[in-house]
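Q: Please take a close look at the strand pairing in this model, and set it in the context of whatever lies around it. I would like the cut-offs behind each term spelled out as you go.

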Amino acid sequence: MKNPTITIIGAGQRGKDVYASYLKEHHPGISIVAVAESDEIKRAEMAREFQIRPENVFSCYQRLLEGPRLSDAVIIATPDDQHFVPAQLALEKGYHVLLEKPMSNKLSECLKLAELARGRNQVFLIGHVLRYTPFFTALKQLLQRKAIGELITIQHNENIGYYHFAHSFVRGVWKSAADSSPLILAKSCHDLDILLWLVGKNCLKLSSYGQLSHFRPEAAPPQAGERCLECPVESDCPYSAKKIYYPRIGKWPTTVVCSEQTEQALTAALYQNDYGRCVYKSNNDVVDHQVTILEFEDKVTATFNLSAFTSDISRTMKLMGSKGEIRAHLGLNEIEVITFGSSSKQIIRPDLRAGGHGGGDTGLTEDFISLIKGEAGQALTSAEESVQSHLLAFATEESRLTSKSIDVKQYRQAMIKGL
Ligand SMILES: NC(=O)c1ccc[n+]([C@@H]2O[C@H](COP(=O)([O-])OP(=O)(O)OC[C@H]3O[C@@H](n4cnc5c(N)ncnc54)[C@H](O)[C@@H]3O)[C@@H](O)[C@H]2O)c1
């Protein structure tokens, strides 16, 4: 196939601004021929910018996917709780599918999708972009060539960043586990996926602990208002919506707060929508810190620390092996390799690739297109592998909620039995 045609389902930040925009700029021969988007303004913008014929513009994916197939592939980038149905319908209709992570916010649905995809001659990729970053690729290659001997243990930190957490997980669409996903799934199915990929072995057991410690009414200063624009103690608060959004007009995360990127429109939004609310009074329930301990086959272990309370938005990792140590900082794009007994250190700065998530968005999109075209794509991920990382996320949450260690194999069997 020379130039596949694409349908976008959910033309928001990922569907339109990341995937569709990338294809327009880098693959002008590939047409976006149809869209399903529930927001009227975004739908009209998408149709205009990509010159989509009116009969191929839909307000909901259901109607689009009930009709005849309109393109070779679909990119599904709707909210977390609306992944399963469109993915299922699209696979059944014969579309190649790029589905944003998480596959679903229910484990049973992840397992069903993997089953549905098995044996089909269709591409089915999940948005696990980290595998496609030059940074994590370099780490994988170092482990493969035993640069630190046998891998013994990993310490991994996901530093969410205090204002990112306040924006997305206190005020934003991921603030409620029931309405979207638990934090470990929403934010960290990527990290569990990357741990599985780097270790290259099955995870056998895990235990997890975490709480919503800070962003709750009891932690509010006594004089705190309901909204930052009216709060007498706003100037002392690092999570103030004023401090987070006004300096970033025209950029993320302010672009999520209101469609028109002007000071006036932002002020109106902060008086009305959830992004202007006090972080201590936002009806949020997802945890703000979580620690997980994992044991893999061959006694490899890992700890994973997920935290809102960081200044940087980055991932940092220490990989410890029988003959050396690797310290890796995604934000700095720096990997330090130390060999025991040697006084020299090797510093690696992987080639930067343009695009979000350290170049992972670009790598994933390119791979999807190559695979559809039948060219030698890398297919660094598969539905089955994605199910593994999602399973770990659900097991981690189960462990946190029950304070029990989880045997991953038994957990999977119980889940399959319950389908
Ligand atoms: N791979 C990654 O690293 C990564 C990063 C960010 C977000 N995500 C995931 O991507 C997905 C989309 O996130 P986003 O930030 O683009 O959100 P978004 O809110 O910007 O976009 C979602 C879009 O879907 C539309 N929509 C909702 N219901 C619909 C329906 N029934 N039919 C058609 N359109 C519908 C919304 O109007 C919205 O425009 C989420 O699941 C999120 O978790 C993945």
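A: The account below starts with the numbering and the domains, and then follows the sheets and their surroundings.

This is a predicted model, in which local features need pLDDT of at least 70 and side-chain atom pairs count only at pLDDT 80 or more, while totals for chains, interfaces and linings use all residues. Residues are numbered from 1 along each chain as its sequence is written.

The chain is divided into domain 1 (6-126), domain 2 (131-215 + 285-417) and domain 3 (217-276), with bounds that come from an automatic or database domain assignment. Helices (H or I, at least four residues) and strands (E, at least two) are DSSP runs numbered from the N terminus, and two strands pair if DSSP finds at least two bridges between them.

One open sheet has six strands in the order β3-β2-β1-β4-β5-β6, with parallel pairing. Its edge strands are β3 (57-58) and β6, each of which pairs on one side only. Within this sheet, four bridges join β4 (residues 73-76) to β5, and these two strands run parallel; Val74 has Val97 in β5 as its bridge partner. Helix α2 (residues 40-49) packs on the sheet and touches β1 (6-9), β2 (32-36) and β3, its direction making about 175° with that of β2. Such contact requires the C-beta atoms of two residues, placed from the backbone, to lie within 7 Å, and the angles, which run from 0 to 180 degrees, are taken between N-to-C directions of axes fitted as lines to C-alpha atoms, for helices over the stretch in contact.

Strand β5 is covered on both faces, with His96 and Leu98 buried on one side and Val97 and Leu99 buried on the other. Here a residue is buried if 20 or more other C-beta atoms lie within 10 Å of its own, exposed if 12 or fewer, and partly exposed in between, with C-beta atoms placed from the backbone.

A second open sheet, of nine strands, has the order β14-β13-β12-β11-β7-β10-β9-β8-β15 and mixed pairing. Because β14 (345-348) and β15 stand at its edges with a single partner strand each, one side of each is left without a neighbour in the sheet. Strand β8 (residues 203-211) is joined to β9 (residues 289-296) by eight bridges, the two running antiparallel, and Ser207 stands opposite Ile293 in β9. Two bridges join β8 to β15 (residues 406-407), again running antiparallel, and there Lys205 has Asp407 as its bridge partner. Strand β7 (residues 151-159), by contrast, runs parallel to β10 (residues 301-307), to which seven bridges join it, and Thr153 stands opposite Thr301 in β10. Helix α9 (residues 189-199) packs on this sheet, touching β7, β8, β9 and β10, with its direction making about 160° with that of β7. Helix α14 (residues 383-402) also packs there, touching β8, β9 and β15, and its direction makes about 50° with that of β8.

Turning to helix α7 (residues 162-171), nine of its ten residues are buried, among them Tyr162, Phe165 and Arg171. What covers the buried residues of α7 includes α8 (183-186) and α10 (241-245).

Between domain 1 and domain 2, whose C-alpha centres lie 26 Å apart, 28 residues of domain 1 are in contact with 27 residues of domain 2. On the domain 1 side, the elements giving two or more residues are α1 (13-26), β5 (96-99), α5 (107-117) and β6 (124-126). Helix α5 gives the most to that side, with seven residues. The residues on that side divide into 20 nonpolar, four polar and four charged, where Ala, Val, Leu, Ile, Met, Phe, Trp, Tyr, Cys and Pro count as nonpolar, Asp, Glu, Lys and Arg as charged, and the others, Gly among them, as polar.

Around the ligand there are 24 residues, of which Gly10, Gly12, Arg14, Glu100 and Gly127 come nearest; a residue is near a molecule if its C-beta atom, placed from the backbone, lies within 6 Å of it. The largest share of this shell, three residues, comes from α1.
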